[in-house]
Amino acid sequence: MRMKYVLSEVLVGLWRNVTMTVAMIITMAVSLTMLGASGLMYQQVGDMKDLYYKNIQVSIFLKTDVSEQQRDDLDAKLKSDPLVKEVLYVNKDEAYKRFQEMYQDAPDLVNAVKADQLPESFRIKLVNPEQYKTIYDQYKDTEGVDEIVDQSRLLDKIFDILTAIQNIALAAAIVMAVAALLLVANTIQVAAYSKRREVAVMKLVGASNWFIQAPFVLEAVVAGLIGSLLGLIALIGAKYFLFDGSLQALRGLLSPIQWSDIFLMFPLMAGVGGLVSAVTAWVTLRFYLRV
């Protein structure tokens, strides 16, 4: 009977302040959507780093006048280096083939370059790609070496941009969460004020604090759970229309977002939405109702 009463009071409370309830749910949904999106972005950037860093190559370009002995010595040194995982020698002809494939849409540029104008090189993969600096310092003054280029320097700039976007999304989610919490607190205060006489009567007849607070707390929890459900729907829509739609052409550059990743975000969103709403409601009641 008590549980039935509490649940009925929750529904009545949500409907009594329907405008503020809708505003609270929408704000909570937006903040939880951004929280889920930032979580997915952190996961995706981490996956992209793992994917790209596994395929990173350090290119050691040789001077045009490099001798065969210098090239052989460098080859042997690279293959015996414990920091180096794999070594691939690229001669002028192979470099020219790669150049033709890379710039096949610019035939005038391809025709202007001859095979003997391109340098020989060693393409190496490192055991730990983050040790590029050690490789650079170790081989930059080696005889026959002209230039050392590491792809991770470009990737670091890209990941710095992605990390900045992550932080912006997370900061926006925090701002929206604060707004949602203020709305939760305000809605609970209004609901408690509208039922102040009932609360006073319940206190006079000996009702426990939990029994008095439960409907208000559950109102906030229900609003938080509905907001998290709307946030899940928003993430599903973003995947379907954005990542699997307009951004599908970038699938080769971006690691795919799996449905399982999105659905795994829902427990986090629901937990944060429900728990934070409940704690906010409880604290509000303790400070403003003294029950």
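Read from the N terminus onward, this chain follows the pattern α-α-β-α-β-α-α-β-α-β-α-α-α-α. That amounts to 10 helices and 4 strands. Please keep in mind that we are looking at a predicted model. Of the 291 residues in the chain, 38% count as buried. Among contacts between residues at least 6 apart in sequence, 83% join residues at least 24 apart.

Let me begin with the strands. The four of them form an open sheet in the order E2-E3-E1-E4, with antiparallel pairing. Its edge strands are E2 and E4, the latter covering residues 145-150, and each of these pairs on one side only. From one strand to the next, the twist averages 20°.

I shall take the pairings in the order of the sheet. Strand E2, residues 84-90, is joined to E3 by 6 bridges, and the two run antiparallel. Within this pairing, Tyr-89 has Phe-122 of E3 as its bridge partner. Strand E1, residues 58-62, is joined to E3 by 4 bridges, again in an antiparallel arrangement. Here Val-58 stands opposite Ile-124 in E3. On the far side of the order, 5 bridges join E1 to E4, and these strands also run antiparallel. In that pairing, Ser-59 stands opposite Val-149 in E4.

How well covered is strand E3? Of the 6 residues in E3, which spans 121-126, 5 are buried, and the strand is thus mostly covered. One helix to note in this region is H4, residues 92-102, which lies across E2 and E3. Helix H4 runs at about 90° to E2.

I return now to Tyr-89 and Phe-122, as their side chains deserve a comment of their own. The count of aromatic pairs in the model comes to 2. One of them is formed by Tyr-89 and Phe-122, with 5.3 Å centre to centre and 50° between the planes. Why is this pair called tilted? The angle of 50° falls neither under 30 degrees, which would count as stacked, nor over 60, which would count as edge-to-face, and the pair is therefore classed as tilted. Tyr-89 lies in strand E2 and Phe-122 in strand E3, so the pair ties together parts that are 33 residues apart in sequence. The two residues can also be described by their accessibility. Phe-122 is buried, with a relative accessible area of 1%. Tyr-89 has 34% relative accessibility and counts as partly exposed; the category applies because the value lies between the limits of 20% and 50%.

I turn next to the helices, and to what the record says about them. In an unreviewed entry, UniProt lists residues 21-42, 168-193, 214-242 and 262-285 under "transmembrane region". How does the model render the span 21-42? Residues 21-42 are 100% helix and 0% strand, and their end C-alpha atoms are 31 Å apart. The span 214-242 is likewise 100% helix and 0% strand, and its end C-alpha atoms lie 41 Å apart.

Two C-alpha separations relate parts of the chain that are distant in sequence. Ala-179, placed in helix H7, residues 151-194, is 152 residues from Thr-27 along the chain, yet their C-alpha atoms are separated by 7.2 Å. With a relative accessible area of 31%, Ala-179 is partly exposed. Ile-226 lies in helix H9. Its C-alpha atom is separated by 8.6 Å from that of Met-28, a residue 198 places away along the chain. At 36% relative accessibility, Ile-226 counts as partly exposed.

My last point concerns another residue of H9. Lys-239 is located in this helix, which comprises residues 209-246. Is Lys-239 buried or exposed? At 6% relative accessibility, Lys-239 counts as buried, because that value is under 20%. The charged end of Lys-239 sits over the ring of Trp-259, 4.9 Å from the ring centre. Not counting residues up to four places away in sequence, Lys-239 touches Asp-244, Ile-257, Gln-258, Trp-259 and Ile-262.

To close, I would draw attention to two places in the predicted model. One is the pair of Tyr-89 and Phe-122, which joins strands E2 and E3 through side chains as well as through a bridge. The other is Lys-239 in H9, with its charged end over the ring of Trp-259.

How values were computed
Residues numbered from 1 in each chain as written. Predicted model: local features only at pLDDT ≥ 70, side-chain atom pairs only at ≥ 80, totals over all residues. Heavy atoms only, no water. Buried < 20%, exposed > 50% of the residue type's maximum accessible area, 1.4 Å probe, protein only. Pairing = 2+ DSSP bridges. Axes fitted to C-alpha atoms, helices over the stretch in contact; angles between N-to-C directions. Contact = heavy atoms within 4.5 Å. Phe/Tyr/Trp six-rings, centres within 6.5 Å; stacked < 30°, edge-to-face > 60°. Lys NZ or Arg CZ within 6 Å of the ring centre and 35° of its normal. UniProt positions renumbered as here; feature names shortened; annotations may be inferred.
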